[in-house]
Every structure is written in C-alpha cells, then in structure tokens.
Amino acid sequence: RGRHIERYATNWDGGWMIATFPILNLKESDLPRPIHRHLSQYRTSLEPKPRDWGTKKWDGRKAGSYQWFETQDVIGYYKEFSKPKIMYPNMTKYLPFYFDRDDKFFGNQKCFIITSDAESLPSLIAILNSSVFRCCFRDSFPELLGNTYELSKIFFDKIPIKKPTAVVVSLFERLVPLIQFAKAQGQTAPAAFLEDLIDACVMECYFREHMAERDLLFHDLVAPHLEAYDPAASEAQQRDFLTHLHITLNAPSHPVRNRLLRLTADSPDLLAIIKQEGRV
C-alpha cells in the first residue's frame with residue numbers, strides 16, 4: 001500500500017495478496033486448500049453477476065468473464081512486479097521512493113511502480129529521493145489537501161532527468177542498496193549519513209562546476225571506498241562493510257565529512273536553498 005513506502009525503505013505490515021489473476025488461467029482445483037477455504041466464506045459476494053440477470057438486486061460482483069475466485073481484472077502485466085522496480089505512493093506529502101530489487105512486492109491502486117530494462121533504476125531513485133528533485137519538481141504535481149501531492153504518471157512523463165554517466169551509475173548502484181540495507185537493519189546513524197551523501201552526489205550531477213569551485217565534489221572521493229561492496233553478500237558481511245564505511249567517511253579528519261558539513265555554508269545562494277526548499 002502507498003502508506004507502506006518510505007524513502008529508501010518500507011514499513012510493510014506483512015499483508016499478502018491472493019493473486020488469482022485471470023491471465024493465469026487457474027482452475028478452482030488449483031487453489032491451495034487454505035486459500036480455497038478462505039475465499040469460499042465470501043463466495044456469494046464474489047460471484048460475477050450473470051449477464052442475463054436483469055434488474056433484480058445482485059449480491060455479488062459486476063458481470064465479467066472472470067471466475068468467482070479470480071480478480072475482476074485480467075492483470076496481464078503481473079510479471080512487471082517481479083522485476084527490479086521503483087515503488088512510490090500515488091498521494092504523498094514526503095515524496096518517498098523505494099527500490100525493490102529482490103522483494104517482489106505487489107502494490108495496490110494506491111502505489112505505482114517504475115521498471116526499466118535499459119536505465120539504471122538505482123541512479124533514478126537517487127535523483128527522485130533527492131533535495132534537487134523535491135525542490136525543483138515538487139510543484140510539477142497537483143497539490144491536494146494536507147500538503148500532499150498526486151504523483152501520477154502523466155506528470156512524471158514531463159519531468160526531465162539528466163542521464164547519468166557510467167561512473168555515476170556505478171556509484172549509485174552501490175550507494176542505494178547500501179542505504180536500503182542500513183534502513184532495513186535499523187542502522188539509523190549510517191543511514192542518515194548515507195542519505196546526506198547520496199543527496200550531495202546528486203547535486204554534483206547537476207552543479208558540478210559550482211561545487212568544484214568550492215571544493216565540494218564527492219564522486220571521485222567516494223567511489224574507491226565502495227568498490228568492495230557486494231549487495232548480494234551475507235547480512236553479516238554487509239553490516240561489517242557498512243560499519244567500516246561509516247566510521248571511515250564520517251571520521252572528523254575525512255574530507256567527505258568535511259565537505260558534507262560545509263555544503264550549505266559554502267553555497268548559501270544555491271545548495272543551501274535546494275536543501276531548505278527540498279526538506280519535506
């Protein structure tokens with residue numbers, strides 16, 4: 001559900017979807033017994049209305065070619081949910097985006113997905129979760145009650161995204177899984193540090209010359225520290241890597257920490273405004 005999506009994280013409540021999509025051509029005998037037993041309790045309200053029923057009251061669902069135990073819609077696109085994808089709510093105040101690489105979450109009508117066989121999704125989600133995106137494009141979406149925004153596809157189609165270089169793709173394809181691992185593990189301090197770091201790296205994609213003049217570049221400084229990171233490694237190995245990286249880059253003498261601390265002070269006319277306006 002849309003409310004389960006957070007920035008680089010989910011708060012999934014353990015709910016499951018009974019995916020009896022008509023496109024699967026299931027027979028009633030194919031249903032596992034617990035599922036069949038559960039659905040049978042509601043069979044009267046699940047039966048599709050006969051097309052010749054007339055005007056009498058019908059206690060089931062609308063007429064259609066689906067069977068009583070199936071969803072009403074065909075859901076021919078169901079395989080898209082098994083691909084790596086970006087998930088986001090359709091109405092939101094905070095504009096959160098989550099990269100579902102392995103979870104294979106399905107979403108209801110309150111959240112949307114972005115998939116691609118050609119583009120780097122970690123690079124895209126780094127931009128979508130950034131202060132730059134929220135500052136520059138938040139007003140591209142209709143504002144609803146309660147300072148929430150409607151993130152419909154028709155508005156996304158009009159937003160220009162700078163195509164990342166190979167170096168940037170490699171950087172974000174490590175940073176994004178790492179921050180999501182940190183959040184999933186409840187590692188609050190490393191996650192907050194990585195979120196600021198990713199935000200700064202996105203800024204460099206758009207304002208490299210401005211940041212170079214102020215000695216605020218990050219890409220080349222951070223990349224060597226991420227070469228050994230494997231998002232497919234065991235939890236223990238990833239925890240060790242995360243701890244070491246956080247201690248190293250956040251050390252008082254390290255230039256990454258120094259530049260993050262100077263980011264807004266050394267650029268009050270641009271980066272500080274972006275950080276402020278992109279804060280939701």
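Helices here are DSSP runs of H or I with at least four residues, and strands are runs of E with at least two, both numbered from the N terminus. Counted that way, the chain in this predicted model comes out at 11 helices and seven strands.

As for overall dimensions, a box of roughly 75 × 40 × 30 Å along the principal axes holds the C-alpha atoms of the chain. The chain runs to 280 residues, and 41% of them are buried. Its accessible surface adds up to about 15,700 Å², with carbon and sulfur atoms supplying 53% of that. Turning to contacts, take those in the chain with a separation of 6 or more: 64% of them link residues 24 or more positions apart. On the charge side, there are 36 positive and 35 negative side chains, and 6 Å lies between the centres of the two sets.

One residue, M203, is worth a visit. M203 sits in helix α7, which covers residues 188–213. Its relative accessible area is 0%, and because buried means under 20%, M203 counts as buried. So what does M203 touch, once residues up to four places away in sequence are set aside? Within the chain numbering, S131 and V132 come before M203 on that list, while R208, M211, L263, L271, I274 and K275 follow. D157 makes a handy reference point elsewhere in the chain: D157 and M203 are 46 residues apart along the sequence, and their C-alpha atoms are separated by 22 Å.

Technical notes. Residues numbered from 1 in each chain as written. Predicted model: local features only at pLDDT ≥ 70, side-chain atom pairs only at ≥ 80, totals over all residues. Heavy atoms only, no water. Buried < 20%, exposed > 50% of the residue type's maximum accessible area, 1.4 Å probe, protein only. Contact = heavy atoms within 4.5 Å. Areas by Shrake-Rupley, 256 points an atom, 1.4 Å probe, with all protein chains shown as cover. Lys, Arg positive; Asp, Glu negative; His and termini not counted. Charge placed at Lys NZ, Arg CZ, Asp CG, Glu CD.
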